[in-house]
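Please look through the structure shown below, starting from its open spaces and moving on to the ligand and then to individual residues of the backbone and interior.

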Amino acid sequence: MLRDFEQEIKDLDTRHLRRQLRIAESPSETTMIIKGRRFIAMASNNYLGLANHPAVNRAAINAIEQWGVGAGAARLIAGTMTPHHQLEQNLARFKQVEAALTFGTGYTTNLGLIPALIDRDGLILADRYCHASLIEACRLAKATLRVFHHNDVEHLETLLKKRGTPRPVLVVTEGVFSMDGDLAPLPDLLTLCRQHEATLVIDDAHGTGVMGKNGRGTIEHFGVNPQDVIQMGTLSKAIGTSGGYLAGTASLKEYLINTAKAFIYTTAQPPAIAAAASAAIRVIQHEPARRERLWHNRNALHTALTDMGFHLTNTQSPILPIIVKSPERAVEMSQVLYEAGIYVPAIRPPTVPKGSSRLRLTVSSEHTEEQLENVVQELRKAGTALRVI
Ligand SMILES: *Cc1c(COP(=O)(O)O)cnc(C)c1O
(Lines give C-alpha, C1' and ligand atoms only; values in the text may rest on other atoms or scores of the structure.)
Protein backbone atom coordinates (compact mmCIF):
# COMPACT_ATOMS: atom_id res chain seq x y z
CA MET A 1 0.00 0.00 0.00
CA LEU A 2 1.17 3.50 -0.81
CA ARG A 3 1.06 6.20 1.82
CA ASP A 4 -2.06 8.33 2.17
CA PHE A 5 -0.55 11.46 0.61
CA GLU A 6 -3.51 13.69 1.37
CA GLN A 7 -3.44 12.77 5.03
CA GLU A 8 0.32 13.36 5.20
CA ILE A 9 -0.09 16.81 3.69
CA LYS A 10 -2.88 17.63 6.17
CA ASP A 11 -0.58 16.57 9.00
CA LEU A 12 2.13 18.89 7.74
CA ASP A 13 -0.43 21.67 7.53
CA THR A 14 -1.55 21.32 11.15
CA ARG A 15 2.10 21.37 12.28
CA HIS A 16 2.78 24.55 10.20
CA LEU A 17 5.35 22.59 8.23
CA ARG A 18 3.66 22.45 4.86
CA ARG A 19 5.65 24.13 2.11
CA GLN A 20 4.31 25.55 -1.09
CA LEU A 21 5.76 26.82 -4.31
CA ARG A 22 5.49 30.51 -5.05
CA ILE A 23 5.64 31.44 -8.68
CA ALA A 24 7.90 34.36 -9.55
CA GLU A 25 6.57 36.37 -12.46
CA SER A 26 9.86 38.28 -12.81
CA PRO A 27 13.61 37.54 -13.06
CA SER A 28 15.81 37.07 -9.99
CA GLU A 29 16.34 40.67 -8.88
CA THR A 30 15.96 42.70 -5.70
CA THR A 31 12.24 42.86 -6.38
CA MET A 32 9.98 39.99 -7.27
CA ILE A 33 6.49 39.87 -8.78
CA ILE A 34 4.11 37.33 -7.22
CA LYS A 35 0.46 37.19 -8.34
CA GLY A 36 0.89 40.49 -10.13
CA ARG A 37 2.21 42.30 -7.07
CA ARG A 38 5.80 43.53 -6.66
CA PHE A 39 7.72 42.65 -3.49
CA ILE A 40 11.16 43.53 -2.18
CA ALA A 41 12.93 40.17 -2.36
CA MET A 42 15.14 39.17 0.58
CA ALA A 43 15.25 35.54 -0.39
CA SER A 44 17.64 34.73 -3.21
CA ASN A 45 21.24 33.49 -3.26
CA ASN A 46 21.92 35.82 -6.15
CA TYR A 47 24.35 37.77 -3.95
CA LEU A 48 26.04 39.76 -6.71
CA GLY A 49 23.14 40.24 -9.11
CA LEU A 50 24.75 37.97 -11.71
CA ALA A 51 21.68 35.78 -12.33
CA ASN A 52 20.32 38.51 -14.59
CA HIS A 53 23.36 40.59 -15.55
CA PRO A 54 23.72 41.96 -19.11
CA ALA A 55 27.21 40.53 -19.75
CA VAL A 56 26.26 37.13 -18.33
CA ASN A 57 22.99 37.03 -20.28
CA ARG A 58 24.84 38.08 -23.43
CA ALA A 59 27.38 35.28 -23.02
CA ALA A 60 24.52 32.75 -22.78
CA ILE A 61 22.70 34.17 -25.82
CA ASN A 62 25.88 34.17 -27.91
CA ALA A 63 26.67 30.63 -26.82
CA ILE A 64 23.18 29.39 -27.71
CA GLU A 65 23.68 30.86 -31.18
CA GLN A 66 27.04 29.15 -31.54
CA TRP A 67 26.49 25.88 -29.66
CA GLY A 68 22.75 25.35 -29.55
CA VAL A 69 20.68 24.63 -26.47
CA GLY A 70 21.54 21.07 -25.48
CA ALA A 71 24.91 19.37 -25.07
CA GLY A 72 23.42 16.28 -26.70
CA ALA A 73 25.31 13.69 -24.67
CA ALA A 74 27.04 12.88 -21.41
CA ARG A 75 30.41 14.51 -20.82
CA LEU A 76 32.41 11.32 -21.55
CA ILE A 77 30.48 10.46 -24.72
CA ALA A 78 30.22 13.60 -26.88
CA GLY A 79 28.90 16.26 -24.50
CA THR A 80 32.13 18.05 -23.55
CA MET A 81 32.24 21.23 -25.64
CA THR A 82 34.67 24.13 -25.69
CA PRO A 83 32.55 26.19 -23.20
CA HIS A 84 32.74 23.33 -20.65
CA HIS A 85 36.50 23.07 -21.08
CA GLN A 86 36.94 26.85 -20.78
CA LEU A 87 34.75 27.03 -17.69
CA GLU A 88 36.83 24.37 -15.95
CA GLN A 89 40.01 26.26 -16.77
CA ASN A 90 38.49 29.53 -15.51
CA LEU A 91 37.29 27.89 -12.31
CA ALA A 92 40.69 26.33 -11.64
CA ARG A 93 42.41 29.70 -12.10
CA PHE A 94 39.81 31.51 -9.97
CA LYS A 95 40.08 28.94 -7.18
CA GLN A 96 43.90 28.74 -7.57
CA VAL A 97 43.96 24.97 -7.91
CA GLU A 98 45.33 22.60 -10.52
CA ALA A 99 41.99 21.52 -11.91
CA ALA A 100 38.23 21.88 -11.74
CA LEU A 101 35.46 19.53 -12.84
CA THR A 102 31.87 20.64 -13.34
CA PHE A 103 28.72 18.66 -12.62
CA GLY A 104 25.03 19.24 -13.40
CA THR A 105 24.27 20.84 -10.01
CA GLY A 106 25.93 21.46 -6.67
CA TYR A 107 23.77 18.71 -5.23
CA THR A 108 25.05 16.10 -7.67
CA THR A 109 28.63 17.33 -7.25
CA ASN A 110 28.44 16.22 -3.62
CA LEU A 111 26.79 12.94 -4.59
CA GLY A 112 29.60 12.27 -7.06
CA LEU A 113 32.50 13.55 -4.99
CA ILE A 114 32.11 12.15 -1.47
CA PRO A 115 31.61 8.46 -2.36
CA ALA A 116 34.58 8.69 -4.75
CA LEU A 117 36.86 9.89 -1.96
CA ILE A 118 36.38 7.08 0.51
CA ASP A 119 35.59 3.36 0.70
CA ARG A 120 33.69 1.24 3.18
CA ASP A 121 36.76 0.89 5.43
CA GLY A 122 36.88 4.67 5.91
CA LEU A 123 35.32 7.11 8.37
CA ILE A 124 33.45 10.33 7.54
CA LEU A 125 33.08 13.02 10.19
CA ALA A 126 30.53 15.62 9.14
CA ASP A 127 29.36 18.82 10.81
CA ARG A 128 25.83 18.49 12.14
CA TYR A 129 24.64 21.46 10.07
CA CYS A 130 25.92 20.19 6.74
CA HIS A 131 23.60 20.71 3.77
CA ALA A 132 21.20 17.89 2.88
CA SER A 133 23.19 17.10 -0.29
CA LEU A 134 26.34 16.49 1.78
CA ILE A 135 24.51 14.25 4.22
CA GLU A 136 22.96 12.27 1.34
CA ALA A 137 26.39 12.01 -0.25
CA CYS A 138 27.92 10.74 3.00
CA ARG A 139 25.20 8.11 3.25
CA LEU A 140 25.79 7.08 -0.33
CA ALA A 141 29.45 6.50 0.49
CA LYS A 142 29.80 3.17 2.22
CA ALA A 143 32.11 4.52 4.94
CA THR A 144 31.05 4.87 8.59
CA LEU A 145 29.40 8.26 9.15
CA ARG A 146 29.67 10.18 12.40
CA VAL A 147 28.35 13.68 12.97
CA PHE A 148 30.16 16.24 15.13
CA HIS A 149 28.49 19.14 16.95
CA HIS A 150 28.28 22.24 14.82
CA ASN A 151 31.70 23.94 14.51
CA ASP A 152 32.86 22.08 17.64
CA VAL A 153 36.57 21.42 17.14
CA GLU A 154 36.90 19.62 20.48
CA HIS A 155 34.11 17.21 19.67
CA LEU A 156 35.72 16.56 16.30
CA GLU A 157 39.02 15.87 18.02
CA THR A 158 37.35 13.37 20.35
CA LEU A 159 35.89 11.53 17.37
CA LEU A 160 39.24 11.58 15.54
CA LYS A 161 40.96 10.07 18.58
CA LYS A 162 38.35 7.34 18.70
CA ARG A 163 38.79 6.32 15.10
CA GLY A 164 40.51 3.07 16.14
CA THR A 165 42.54 1.14 13.59
CA PRO A 166 44.35 3.37 11.11
CA ARG A 167 41.86 4.12 8.39
CA PRO A 168 41.13 6.91 5.93
CA VAL A 169 39.17 9.80 7.43
CA LEU A 170 37.27 12.61 5.71
CA VAL A 171 36.20 15.69 7.63
CA VAL A 172 33.28 17.32 5.83
CA THR A 173 32.06 20.86 6.44
CA GLU A 174 30.82 24.03 4.76
CA GLY A 175 32.72 27.29 4.34
CA VAL A 176 29.64 29.44 4.99
CA PHE A 177 26.75 27.49 6.52
CA SER A 178 23.69 27.91 4.36
CA MET A 179 21.04 28.23 7.07
CA ASP A 180 23.04 29.98 9.80
CA GLY A 181 25.41 32.12 7.77
CA ASP A 182 28.30 31.42 10.14
CA LEU A 183 31.74 30.18 9.05
CA ALA A 184 33.52 26.92 9.77
CA PRO A 185 36.76 27.48 11.76
CA LEU A 186 38.82 26.29 8.80
CA PRO A 187 42.35 26.93 10.17
CA ASP A 188 41.57 24.97 13.36
CA LEU A 189 39.92 22.17 11.41
CA LEU A 190 42.90 21.97 9.10
CA THR A 191 45.39 21.79 11.98
CA LEU A 192 43.39 18.96 13.49
CA CYS A 193 43.15 17.16 10.16
CA ARG A 194 46.94 17.38 9.78
CA GLN A 195 47.54 15.96 13.24
CA HIS A 196 45.25 13.03 12.52
CA GLU A 197 46.06 12.51 8.84
CA ALA A 198 42.51 13.30 7.84
CA THR A 199 41.37 15.07 4.65
CA LEU A 200 39.30 18.25 4.88
CA VAL A 201 36.46 18.64 2.39
CA ILE A 202 34.77 22.04 2.14
CA ASP A 203 31.44 22.83 0.50
CA ASP A 204 31.81 26.51 -0.35
CA ALA A 205 28.44 27.01 -2.04
CA HIS A 206 27.76 30.28 -0.20
CA GLY A 207 31.37 31.43 0.15
CA THR A 208 32.42 31.59 -3.48
CA GLY A 209 32.19 35.11 -4.90
CA VAL A 210 31.28 36.44 -1.46
CA MET A 211 34.16 35.69 0.93
CA GLY A 212 37.79 36.74 0.65
CA LYS A 213 39.43 39.80 -0.85
CA ASN A 214 39.04 38.48 -4.40
CA GLY A 215 35.87 36.49 -3.81
CA ARG A 216 37.73 33.19 -4.12
CA GLY A 217 35.81 31.90 -1.12
CA THR A 218 36.03 31.07 2.54
CA ILE A 219 39.53 29.65 2.33
CA GLU A 220 40.76 32.97 0.94
CA HIS A 221 39.02 34.71 3.83
CA PHE A 222 41.01 32.56 6.29
CA GLY A 223 44.24 32.48 4.26
CA VAL A 224 44.09 28.69 3.94
CA ASN A 225 46.15 27.19 1.10
CA PRO A 226 43.82 25.72 -1.56
CA GLN A 227 46.28 22.84 -2.00
CA ASP A 228 45.62 21.67 1.56
CA VAL A 229 41.90 20.95 1.15
CA ILE A 230 39.35 19.55 -1.29
CA GLN A 231 36.75 22.12 -2.26
CA MET A 232 33.45 21.95 -4.07
CA GLY A 233 30.96 24.67 -4.78
CA THR A 234 28.03 25.62 -6.90
CA LEU A 235 27.61 27.89 -9.90
CA SER A 236 24.07 28.64 -8.76
CA LYS A 237 24.60 31.14 -5.94
CA ALA A 238 26.90 34.18 -6.29
CA ILE A 239 27.94 32.92 -9.74
CA GLY A 240 24.27 33.25 -10.69
CA THR A 241 23.91 30.35 -13.13
CA SER A 242 23.54 26.61 -12.57
CA GLY A 243 25.82 23.63 -12.01
CA GLY A 244 28.41 22.57 -9.45
CA TYR A 245 32.15 21.99 -9.42
CA LEU A 246 35.05 20.29 -7.74
CA ALA A 247 38.24 22.33 -7.27
CA GLY A 248 41.30 20.21 -6.53
CA THR A 249 44.19 18.32 -8.05
CA ALA A 250 44.45 17.14 -11.65
CA SER A 251 44.61 13.54 -10.48
CA LEU A 252 41.42 13.87 -8.40
CA LYS A 253 39.68 15.35 -11.45
CA GLU A 254 40.90 12.47 -13.62
CA TYR A 255 39.78 9.95 -11.02
CA LEU A 256 36.28 11.50 -10.77
CA ILE A 257 35.91 11.53 -14.56
CA ASN A 258 36.53 7.79 -14.45
CA THR A 259 34.54 6.82 -11.36
CA ALA A 260 31.94 9.39 -10.18
CA LYS A 261 28.56 8.13 -11.32
CA ALA A 262 26.91 11.53 -10.82
CA PHE A 263 29.41 12.84 -13.40
CA ILE A 264 29.41 9.93 -15.82
CA TYR A 265 25.76 8.94 -16.17
CA THR A 266 24.15 12.28 -16.84
CA THR A 267 23.96 14.69 -19.76
CA ALA A 268 26.46 17.54 -19.79
CA GLN A 269 25.35 20.96 -18.58
CA PRO A 270 23.97 23.10 -21.44
CA PRO A 271 26.97 24.81 -23.11
CA ALA A 272 25.35 28.25 -22.84
CA ILE A 273 25.15 27.87 -19.06
CA ALA A 274 28.84 26.99 -18.96
CA ALA A 275 29.61 30.09 -21.06
CA ALA A 276 27.43 32.22 -18.77
CA ALA A 277 29.24 30.90 -15.68
CA SER A 278 32.60 31.83 -17.24
CA ALA A 279 31.27 35.34 -17.92
CA ALA A 280 30.02 35.61 -14.32
CA ILE A 281 33.44 34.60 -12.96
CA ARG A 282 34.98 37.33 -15.14
CA VAL A 283 32.58 39.91 -13.64
CA ILE A 284 33.46 38.71 -10.13
CA GLN A 285 37.16 39.15 -10.89
CA HIS A 286 36.87 42.50 -12.66
CA GLU A 287 34.24 44.25 -10.53
CA PRO A 288 35.31 44.05 -6.88
CA ALA A 289 32.96 47.00 -6.24
CA ARG A 290 30.05 44.56 -6.44
CA ARG A 291 31.38 42.59 -3.47
CA GLU A 292 32.06 45.83 -1.61
CA ARG A 293 28.43 46.89 -2.12
CA LEU A 294 27.27 43.47 -0.95
CA TRP A 295 29.22 43.78 2.30
CA HIS A 296 28.16 47.38 2.80
CA ASN A 297 24.49 46.35 2.49
CA ARG A 298 25.00 43.28 4.62
CA ASN A 299 26.69 45.21 7.44
CA ALA A 300 24.07 47.97 7.40
CA LEU A 301 21.19 45.50 7.64
CA HIS A 302 22.94 43.35 10.23
CA THR A 303 23.52 46.38 12.46
CA ALA A 304 19.92 47.58 12.07
CA LEU A 305 18.51 44.16 12.95
CA THR A 306 20.67 43.65 16.03
CA ASP A 307 20.04 47.23 17.19
CA MET A 308 16.29 46.57 17.00
CA GLY A 309 16.73 43.59 19.30
CA PHE A 310 16.22 40.70 16.90
CA HIS A 311 17.90 37.44 17.83
CA LEU A 312 20.22 36.57 14.96
CA THR A 313 22.49 33.57 14.53
CA ASN A 314 26.25 34.05 14.78
CA THR A 315 26.26 34.98 11.10
CA GLN A 316 29.36 36.34 9.39
CA SER A 317 27.98 36.44 5.87
CA PRO A 318 25.16 38.03 3.83
CA ILE A 319 22.80 35.34 5.18
CA LEU A 320 20.89 37.01 8.03
CA PRO A 321 18.69 34.53 9.91
CA ILE A 322 16.28 35.89 12.53
CA ILE A 323 15.49 33.11 15.02
CA VAL A 324 11.84 33.05 16.12
CA LYS A 325 11.85 29.43 17.37
CA SER A 326 8.39 28.05 16.50
CA PRO A 327 7.41 27.26 12.91
CA GLU A 328 4.05 28.88 13.56
CA ARG A 329 5.59 32.19 14.45
CA ALA A 330 8.04 32.04 11.54
CA VAL A 331 5.16 31.55 9.11
CA GLU A 332 3.14 34.30 10.77
CA MET A 333 5.98 36.79 10.59
CA SER A 334 6.72 35.89 6.99
CA GLN A 335 3.01 36.42 6.22
CA VAL A 336 2.85 39.83 7.91
CA LEU A 337 5.91 40.95 5.94
CA TYR A 338 4.41 39.56 2.76
CA GLU A 339 1.33 41.68 3.26
CA ALA A 340 3.63 44.68 3.71
CA GLY A 341 5.34 43.95 0.37
CA ILE A 342 8.48 42.19 1.63
CA TYR A 343 9.25 38.64 0.62
CA VAL A 344 11.21 36.74 3.28
CA PRO A 345 10.82 32.97 3.53
CA ALA A 346 10.19 31.14 6.81
CA ILE A 347 12.69 28.30 7.25
CA ARG A 348 11.42 25.42 9.36
CA PRO A 349 12.33 21.84 10.26
CA PRO A 350 13.55 19.60 8.74
CA THR A 351 15.74 22.21 7.01
CA VAL A 352 16.79 23.55 10.44
CA PRO A 353 16.71 21.85 13.89
CA LYS A 354 13.46 21.84 15.89
CA GLY A 355 12.92 24.97 17.95
CA SER A 356 15.07 27.10 15.64
CA SER A 357 12.59 28.12 12.95
CA ARG A 358 13.63 31.37 11.43
CA LEU A 359 13.19 34.08 8.88
CA ARG A 360 16.15 33.88 6.55
CA LEU A 361 17.02 37.17 4.91
CA THR A 362 19.67 37.26 2.23
CA VAL A 363 21.22 40.48 1.01
CA SER A 364 22.48 41.34 -2.44
CA SER A 365 24.91 43.94 -3.77
CA GLU A 366 21.99 45.28 -5.81
CA HIS A 367 19.62 46.16 -2.96
CA THR A 368 19.19 49.93 -2.73
CA GLU A 369 19.44 51.88 0.50
CA GLU A 370 15.77 52.74 0.14
CA GLN A 371 14.77 49.09 -0.19
CA LEU A 372 16.76 48.11 2.87
CA GLU A 373 15.28 50.99 4.89
CA ASN A 374 11.83 49.81 3.91
CA VAL A 375 12.70 46.26 5.02
CA VAL A 376 13.96 47.56 8.38
CA GLN A 377 10.79 49.61 8.95
CA GLU A 378 8.47 46.73 8.17
CA LEU A 379 10.52 44.32 10.27
CA ARG A 380 10.26 46.71 13.19
CA LYS A 381 6.48 46.84 12.82
CA ALA A 382 6.07 43.10 12.36
CA GLY A 383 8.55 42.23 15.14
CA THR A 384 6.76 44.54 17.58
CA ALA A 385 3.26 43.35 16.62
CA LEU A 386 4.22 39.71 17.01
CA ARG A 387 6.36 40.37 20.10
CA VAL A 388 9.51 39.03 18.56
CA ILE A 389 11.34 42.17 19.73
C1 LIG B 1 22.76 25.20 -2.50
C2 LIG B 1 23.73 24.28 -1.88
C3 LIG B 1 24.12 23.11 -2.54
C4 LIG B 1 23.47 22.65 -3.81
O5 LIG B 1 23.81 23.43 -4.90
P6 LIG B 1 22.83 23.46 -6.17
O7 LIG B 1 23.69 23.95 -7.26
O8 LIG B 1 21.73 24.38 -5.82
O9 LIG B 1 22.36 22.06 -6.39
C10 LIG B 1 25.10 22.33 -1.95
N11 LIG B 1 25.65 22.68 -0.77
C12 LIG B 1 25.27 23.79 -0.11
C13 LIG B 1 25.93 24.12 1.18
C14 LIG B 1 24.30 24.61 -0.63
O15 LIG B 1 23.91 25.71 0.03
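The second largest pocket, with a volume of about 570 Å³, is a convenient place to begin, bearing in mind that everything described here comes from a predicted model. Its lining is made up of 22 residues, and those that lie nearest the centre are Cys 130, His 131, Ala 132, Met 179 and Thr 351. Both domains take part in this lining, since at least three residues come from domain 1 (5-41 + 288-385) and at least three from domain 2 (54-286). Sorted by class, the residues around the second largest pocket comprise 11 nonpolar, five polar and six charged ones.

The largest pocket encloses about 800 Å³ of space, and 26 residues line it. Nearest to the centre of the largest pocket lie Arg 19, Gln 20, Arg 22, Tyr 343 and Arg 348. Which elements supply at least two residues each to this lining? They are the strand β1 (31-34), the helix α14 (327-339) and the strand β12, and of the elements of the chain it is α14 that gives the largest share, with four residues. The class count for the lining of the largest pocket is 14 nonpolar, five polar and seven charged residues.

Besides these open pockets, the model holds one cavity of 30 Å³ or more, and the volume of this largest cavity is about 70 Å³. Two elements, β3 and α11 (261-264), each give two or more residues to its lining. The residues that line the cavity are Arg 75, His 84, Thr 102, Phe 103, Gly 104, Ala 262, Phe 263, Thr 266, Thr 267, Ala 268 and Gln 269. In terms of class, this lining divides into four nonpolar residues, six polar residues and one charged residue.

From the empty spaces we can turn to the ligand, which is surrounded by 14 residues, the closest of them being Gly 106, Asp 203, His 206, Thr 234 and Lys 237. Which atoms of the ligand do the polar side chains approach, a nitrogen or an oxygen? For Asp 203 the partner is a nitrogen atom of the ligand, which lies 2.6 Å from a polar atom of the Asp 203 side chain. For Thr 234 the partner is an oxygen atom of the ligand, placed 2.6 Å from an N or O atom in the Thr 234 side chain. The side chain of Ser 236 likewise has an N or O atom that is 3.0 Å from an oxygen atom of the ligand.

The backbone also has features that deserve a careful look. Pro 349 and Pro 350 are joined by a cis peptide bond, with an omega of about 10°, and Pro 350 belongs to the loop that runs between β12 (346-347) and β13 (357-362). Two residues that are not glycine have a positive phi: Gln 96, at about 55°, and Asn 151, near 55°. Gln 96 sits in the loop between α4 (82-95) and β3 (99-103), whereas Asn 151 is part of the loop between β5 (144-148) and α7 (153-161). With a relative accessible area of 44%, Gln 96 counts as partly exposed.

Finally, consider some residues that are hidden from the surface. Is Ser 357, in strand β13, buried or exposed? Ser 357 is buried, because its relative accessible area is 0% and the cut-off for a buried residue is under 20%. The C-alpha atom of Ser 357 is separated by 29 Å from that of Arg 291, a residue 66 positions away along the chain. Ser 365, found in the loop between β13 and α15 (369-385), is also buried, with a relative accessible area of 2%, and its side chain makes a polar contact of 2.5 Å with the side chain of Glu 366. Val 224 lies in the loop between α9 (218-222) and β8 (230-234), and its relative accessible area of 10% places Val 224 among the buried residues. Between the C-alpha atoms of Val 224 and Glu 373, which are 149 residues apart along the chain, the separation is 36 Å.

Definitions and conventions
Residues numbered from 1 in each chain as written. Predicted model: local features only at pLDDT ≥ 70, side-chain atom pairs only at ≥ 80, totals over all residues. Heavy atoms only, no water. Buried < 20%, exposed > 50% of the residue type's maximum accessible area, 1.4 Å probe, protein only. 1 Å grid on protein atoms, 1.4 Å probe; cavity = no way out; pocket = protein on both sides within 12 Å on 5 of 7 lines; lining within 4 Å. Points joined across faces, edges and corners; volume = space filled by probe spheres on them. Nonpolar A, V, L, I, M, F, W, Y, C, P; charged D, E, K, R; others polar. Domains from an automatic or database assignment. Near = heavy atom within 4 Å. Polar contact = N/O pair within 3.5 Å; in protein donor to acceptor, adjacent residues only side chain to side chain.
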